[in-house]
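Trainee: Could you take me through one part of this model closely, the packing in its middle, and then work outwards from there? I'd like one connected account.

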Amino acid sequence: MTTEPRRYLPYVMLILIWGLLHGLMLFYHGSPVLDGKLVDTDSYMRLVRVGHLLNSGAWYDSSIANSNAPYGEVLHWTRPLDLLLIGFSFLLTPLLGAKAGLFWAGALVSPLLQLATAFAFIWAMAPLLKPNRWIAPLAALFLQPAALPYFVLGRADHHSLLLFVFVLAAGFMFRALMDGQDRRAPLFAGAAAGFGLWLSPELLILTLACLLALGLPWLLHGKARTAQNGAFALGLITVVIIALFAEHPPGQLTRTFYDQISWPHIIVCTVAAGFWLLALLAERTRWVLASGRVSRAGMVLICGPLAGLAVLLAFPDFFRGAMAETDPRVIEIWLSRVTEMRAVTPTSTRSLGEFIYYFGLGAFALPTLLWLLWREADNRQWYGWCFLLIGITLYWPLSIAHVRLAGFAECLFVMAVALLLDRLFDRTETMTNTTRRALVRSLGLYVLIGGSLGLGQLLMQAGTSPARAAAEVEAKTNSAACDLTALTDFLAQAPAVPQDRPLTILA
């Protein structure tokens, strides 16, 4: 009986740490939710979109008629988060009413998804860490500066769901890569990657990382790994096809969109599935291309460029990313000035501090992975470490170019640093002096978890000129002085608009 409560104690600590984090943020920074508001305009647009779906029942109609007059506004967002918000609001409606229930569903969804991501992290890292060695890395994950803003109270944003799915996919990948006979783990990894694509094309990068990580053991060993890659491709394309039918009416199934799931993504996933079907047939028929590593490498070198060329010819803008169809003038005058789209490059003391603040943990993560891959080549976790290295290699440069992607890089950094902390705790187990052991562990935790955050903030403060500091204070003051609630109340009354005409806002 006494061991049962101890078993759940770490999870109770996790919930307490999560609650303390949000409590401290409320105490020191406040929250617009306390005044009945949400964090940003995207959160309001998300709830307007969900409200429109609830009122109209028009699943395929995501346009907002009152915005972008006279054409209306069609958002590129997809339905999974809408469904989550609707389900959550249904639970709250009996207690709060429909309108308040939807508001609080939007206000609470991201913090709750952060807690879900924490439990997903524990599960994902279980094959790589000793029991209960996840507590310190989770504290680091909670504090990551690019990921944390997406999890704050009052933010109804699909990025919190993206990060949750990202961690789930990583957990399935670790299990698949550590057991070459496992078929279910790669199938679920593919399904998770497909669900991520449904949420946003941003997770094409994760899909690529999974394909490369699963392709490496196939290249070296073949056989069972071929079936694993086939299972991943099956899970991926199944969910992506479901997403296509869920997001687009029958008449638009073959339309091309780059900022949401559409026909090009189906083609790319089909190409990947086709390659692994070809590889499986080659092995079963004992075709020459399946006979050894050199032959498999030749198959990749032949089929890879041909597949890329086919996609390029069919969809020339596919490799330009989600903003391929965006007017370049809009990118220049607006998107380039959006905070989460900016680059983080160390060109001054302030920007160096910002770079360390966001990416300092990578200075520990990357050497850790390279050291483990070199020193422990016979470890069954080796291919899992390769997946982390591939993910960091893909996400880190893109995160430097667009800070909105940095949350994914930070998740990978934390996973790699968790391995380093695990080794540190193993090494200190041999210390007989408990005080010295506690000091070494505390110092290691401080350096690995908070060192880059503290150093980054110090450099940012040192590199901020008095004029810039004054301008930032003035901007915050002006922002606080703009009472959006009063503005919306005025527009809702609309005294100058005839009552028999719908109100359309032109901004």
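Mentor: Let's start with Met173: setting aside neighbours within four places in sequence, Met173 is in contact with Ala189, Cys210, Ala213, Leu214, Phe232 and Phe387, where contact means heavy atoms within 4.5 Å. Keep in mind that this is a predicted model, where local features need pLDDT of at least 70 and side-chain atom pairs count only at pLDDT 80 or more, while totals for chains, interfaces and linings use all residues. Residues are numbered from 1 along each chain as its sequence is written, and side-chain values use heavy atoms, with hydrogens and water left out.

Met173 belongs to the largest nonpolar core, which has 120 residues; Met173, Phe387, Tyr395 and Met415 touch the most other members. A nonpolar core here is a set of buried Ala, Val, Leu, Ile, Met, Phe, Trp, Tyr and Cys residues joined through side-chain atoms within 4.5 Å. Buried means under 20% relative accessible area, exposed is over 50%, and partly exposed is in between (1.4 Å probe, protein chains only). H6 gives the most to this core, with 14 residues; helices (H or I, at least four residues) and strands (E, at least two) are DSSP runs, numbered from the N terminus. A second, separate core has 6 residues, including Ala233, Trp276, Ala279 and Met299.

One of the contacts of Met173 is Cys210, and Cys210 counts as buried because its relative accessible area is 0%. The structure holds 0 disulfides, a disulfide being a pair of cysteine sulfur atoms within 2.5 Å. For Cys210, the nearest cysteine sulfur is that of Cys269, 12 Å away. Cys303 is in no disulfide either, with the sulfur of Cys269 the nearest at 17 Å; at 22% relative accessible area, Cys303 is partly exposed.

Now pick up Met415 from the core, which is touched by Phe121. Phe121 sits in helix H4 and is buried, at 1% relative accessibility. Leaving out residues up to four places away in sequence, Phe121 also touches Pro137, Leu138, Leu141, Val167 and Val414. Its C-alpha atom is 7.6 Å from that of Gly171, though the two residues are 50 apart along the chain. Past H4, in the loop before helix H5 (135-143), you'll find Asn132. Asn132 isn't a glycine, yet it has a positive phi of about 65°; with a relative accessible area of 41%, it is partly exposed.

H4 (98-125) and H6 (158-178) come up again with H2, whose buried residues pack against them and against strand S1 (63-64) and helix H3 (79-96). Those buried residues are Ser43, Arg46, Leu47, Arg49, Val50, Gly51 and Leu53. Just after H2, Gly57 takes a positive phi of about 70°.

Last, look at the pair H14 (residues 362-375) and H16 (residues 406-428): their axes come within 8 Å and cross at roughly 65°. Axes are lines fitted to C-alpha atoms, for helices over the stretch in contact, and angles run from 0 to 180 degrees between N-to-C directions. On the H14 side, the contact is made by Gly362, Phe364, Ala365, Thr368, Leu369, Trp371 and Leu372, and on the H16 side by Phe413, Ala416, Val417, Leu419, Leu420 and Arg423.
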